[in-house]
Amino acid sequence: MTTPKPRFTIFVLLRTLPSWLSLPRSRRNEIANSAFADTLKDESVTIRHFDAEAFTAFCTDIAMFEADDLISFHFVMERLRDSAFFAEPYFELVQIIPAVEDGFRYFENTAA
């Protein structure tokens, strides 16, 4: 029995900028909904959002992307960079952390 390939998980750490915070919340929602609707055209990439500003000064938000392959993730990031989200800019990209969930298990199962 072959072990299925794990998905890539990419944590994108973001920092909100004053230009974002000065917008009414309704406008923020419009911009975010538009940016991510266009960005996530590739159904093999999913995103989850986490607020972090109450717990750290390093970043304010964490976007967790899951992708079947890194090219799909790359295309999502290219579209996101072209959106107002980064182009305005409303957010600063702090760090990108790629990971493989339980990668050691995948290695052990395929190496055996």
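A residue is classed as buried under 20% relative accessible area, as exposed over 50%, and as partly exposed in between. This classification is applied here to a predicted model, beginning with a residue that falls in the intermediate class. Aspartate 102 has a relative accessibility of 37% and therefore counts as partly exposed. The residue is located in the loop that connects strand E4 to helix H5 (103-111). Its backbone carries a positive phi, near 50 degrees, although aspartate 102 is a residue other than glycine.

A second backbone feature is found in the loop on the other side of E4. Glutamate 88 and proline 89 are joined by a cis peptide bond, with omega at about -10 degrees. Proline 89 belongs to the loop between H4 and E4.

Strand E1 (residues 8-16) is paired with two other strands. With E3 (residues 61-67), E1 runs antiparallel and is joined by 7 bridges. With E4 (residues 91-100), the arrangement is likewise antiparallel, and 9 bridges join the two strands. Valine 12 of E1 illustrates both pairings: its bridge partner in E3 is alanine 63, while in E4 valine 12 stands opposite isoleucine 96.

Aromatic contacts form a further element of the structure, which holds 7 aromatic pairs. One of these is formed by tryptophan 20 and tyrosine 90, whose rings are edge-to-face, at 5.3 Å centre to centre and with 65 degrees between the planes. This pair links distant parts of the chain, since tryptophan 20 is in helix H1 (residues 18-21) and tyrosine 90 is in the loop between helix H4 (84-87) and E4, 70 residues apart. Tryptophan 20 and tyrosine 90 are both buried. Tryptophan 20 also pairs with phenylalanine 91: the ring centres are 5.0 Å apart and the planes lie at 55 degrees, so the pair is tilted. Because tryptophan 20 lies in helix H1 and phenylalanine 91 in strand E4, this pair ties together parts that are 71 residues apart in sequence. The relative accessible area of tryptophan 20 is 8%, which means that the residue is buried. Phenylalanine 91 is buried as well, with a value of 7%. Through ring pairs, Trp20, Phe36, Phe85, Phe86, Tyr90 and Phe91 are linked into a cluster.

Helix H3 (residues 70-82) was examined for its length and its sidedness. For its 13 residues, a rise of 1.5 Å a residue gives an expected span of 18 Å, and the end C-alpha atoms are 18 Å apart, so the two values agree. The buried residues in H3 are Ser72, Phe73, Val76, Met77 and Leu80. These residues cover an arc of only 135 degrees around the axis and therefore lie on the same side of H3. The face turned away from this buried side carries the exposed residues Ile71, Arg81 and Asp82. Packing of the buried residues of H3 involves E1, helix H2 (25-39), strand E2 (45-51), E3 and H4. The N-terminal end of H3 is capped by aspartate 69, a side-chain oxygen of which lies 3.1 Å from the backbone nitrogen of isoleucine 71.

Conventions: Residues are numbered from 1 along each chain as its sequence is written. This is a predicted model: local features need pLDDT of at least 70, side-chain atom pairs count only at pLDDT 80 or more; totals for chains, interfaces and linings use all residues. Side-chain values use heavy atoms; hydrogens and water are left out. Two strands pair if DSSP finds at least two bridges between them. Helices (H or I, at least four residues) and strands (E, at least two) are DSSP runs, numbered from the N terminus. Rings of Phe, Tyr and Trp (its six-membered ring) pair if their centres lie within 6.5 Å; planes under 30 degrees apart count as stacked, over 60 as edge-to-face and the rest as tilted. Buried means under 20% relative accessible area, exposed over 50%, partly exposed in between (1.4 Å probe, protein chains only). The expected span of a helix is 1.5 Å times one less than its number of residues. The arc is that of the directions from the helix axis to the C-beta atoms. Contact means heavy atoms within 4.5 Å. A polar contact is a pair of N or O atoms within 3.5 Å; within protein, one must be able to donate a hydrogen and the other to accept it, and residues adjacent in sequence count only if both atoms are side-chain atoms.
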